[in-house]
Amino acid sequence: MTTTLPLLPARPPADDDLPAGAREHLTTTPFGLYVHVPFCATRCGYCDFNTYTSDELGPGANRAEYAGTAIAELSRAARVLGPDLPTVSTVFVGGGTPTLLPAEDLAAVLAAVRELFPVAADVEVTTEANPESVTPASLATLRAAGFTRLSLGMQSAAEHVLAVLDRRHTPGRAAQAAREAAAAGFEHVNLDLIYGTPGETDADWAASLDAVLAAPVDHVSAYALIVEDGTRLARRITRGELPMPDDDVLADRYVQADTTLRGAGFDWYEVSNWSRGDAARCRHNELYWANANWWGIGPGAHSHVGGVRWWNVKHPAAHAGRLAAGESPLADREVLDDADRALETVMLGLRLRDGLPLTALSAAGRLRAADAVARGLLDPAAHDAGRAVLTDRGRLLADAVVRDLTD
Ligand SMILES: C[S@@+](CC[C@H](N)C(=O)[O-])C[C@H]1O[C@@H](n2cnc3c(N)ncnc32)[C@H](O)[C@@H]1O
Ligand code: SF4
């Protein structure tokens, strides 16, 4: 049953005005919940995520009230999607720094998910965390509440690199936090790394990888440093205080990461993600990459249900105000047509270890795929078997291959 509320004329469509077609496969498509926590103690100079350092953001948007606001949006989501609700297979609490909230607040959000939605017995529940913002006690509370996976932003083990990135933790703290998470009983622990930071040497990167491997983790995400417009990092580079990350260095660092991680029993399953065995993959991210369904809770959060994509108003005060008034927090939405969906399938699927069937490509894309095989970017045996799968060299140029095959 679709619930429809009257809309104010000047407003974009609300989240509860879901087109009937979007619900068609609702209960048979994997479904995840993302909960955005838009707070950080300080802003890192490279980061352009929707996060705020002030705790004076307005009613419902301050840290102490935020869990209540997130729960209000969760009950709205359950009302809009009901009465035949999809079973939640993954929950991902991200940020920002979710662990700036008391662990009890994150536990309350998860308890609300369980009250409002059917939840799979093997649900994966991740929270992101900054290494300095967890303690053995907070981790024990999160684990007891049902969190199964911890994703820590380590970025580097080199003190001078952490300083350029404006990180607050000391070099050994991320691995220590991973040990604390393992001791608290977390099933899966991930460390995020960034490579290519100005001033980082090959030896720094090797030391960061070694520090990861010495920690009890079964998942690693390694990202090339992206210089985002409007960040302090971008301004420092423009002023000539720091050099721009060099593409050749980035490629070398990627190869170094892949070689080291593979040597230690990790394997890539998406261009920037490695796991120790398939059971350690992040199922929530896999749900995004498979274009399944998810509802994003929180300011600026994006959702996708059955080809309808929408995103919430960006500022926490506007988001909380809408919910307090019983209104949709949606900023805008788009309905994807078949061509959009086909394009997304290729863009996401090509970055996966399994690649995608050649039939997912356009006729022009299939011709270019043959050319990419000749250039060593796509695997010839997989191509013969009807799939587009990146080679090791292709992974280094993944963005370019995606552009080439989708143009
Ligand atoms: C948005 S953060 C949230 C997690 C947590 N606040 C933290 O930073 O540890 C998730 C990850 O995105 C990555 N990230 C953020 N901005 C980036 C950038 N400009 N370039 C590369 N990676 C970035 C970092 O590795 C970070 O751990
Ligand atoms: S702690 Fe994480 S989310 Fe916060 S500013 Fe730094 S990178 Fe961004």
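## Helix H5

In this predicted model, helix H5 covers residues 173-184, and its end C-alpha atoms lie 16 Å apart. That agrees with expectation, because 12 residues at 1.5 Å a residue should span 16 Å.

Buried positions in H5 are Arg173, Ala174, Ala175, Ala177, Ala178, Glu180 and Ala181. These residues pack against two helices, H3 (136-145) and H6 (202-213), and against two strands, S4 (149-155) and S5 (188-195). After H5 comes Gly185, which has a positive phi near 100 degrees.

## The Arg143–Glu187 salt bridge

Beyond H5, in the loop that leads to S5, Glu187 pairs with Arg143 of helix H3. Their side chains form a salt bridge with an N to O distance of 3.4 Å. The two residues are 44 residues apart, and the pair links distant parts of the chain.

Arg143 has a relative accessibility of 22%, so it counts as partly exposed. Glu187 is also in the partly exposed class, because its relative accessibility is 48%.

## Other salt bridges

The structure holds 22 salt bridges. One of them joins Arg63 and Asp55 at 3.9 Å, N to O. Asp55 is partly exposed, with 32% relative accessible area.

Another is formed by Glu241 and Arg236, whose closest N and O atoms are 3.3 Å apart. Arg236 has a relative accessible area of 18%; a residue is buried under 20%, so Arg236 is buried. Glu241, at 46% relative accessibility, counts as partly exposed. A separate set of residues, Asp267, Asp278, Arg281, Glu286 and Arg353, is joined into one network by salt bridges that share partners.

How values were computed:
Residues are numbered from 1 along each chain as its sequence is written. Chains are lettered from A and ligands numbered from 1 in the order in which they are written. This is a predicted model: local features need pLDDT of at least 70, side-chain atom pairs count only at pLDDT 80 or more; totals for chains, interfaces and linings use all residues. Side-chain values use heavy atoms; hydrogens and water are left out. Helices (H or I, at least four residues) and strands (E, at least two) are DSSP runs, numbered from the N terminus. The expected span of a helix is 1.5 Å times one less than its number of residues. Buried means under 20% relative accessible area, exposed over 50%, partly exposed in between (1.4 Å probe, protein chains only). Contact means heavy atoms within 4.5 Å. A salt bridge is a side-chain nitrogen of Lys or Arg within 4 Å of a carboxyl oxygen of Asp or Glu.
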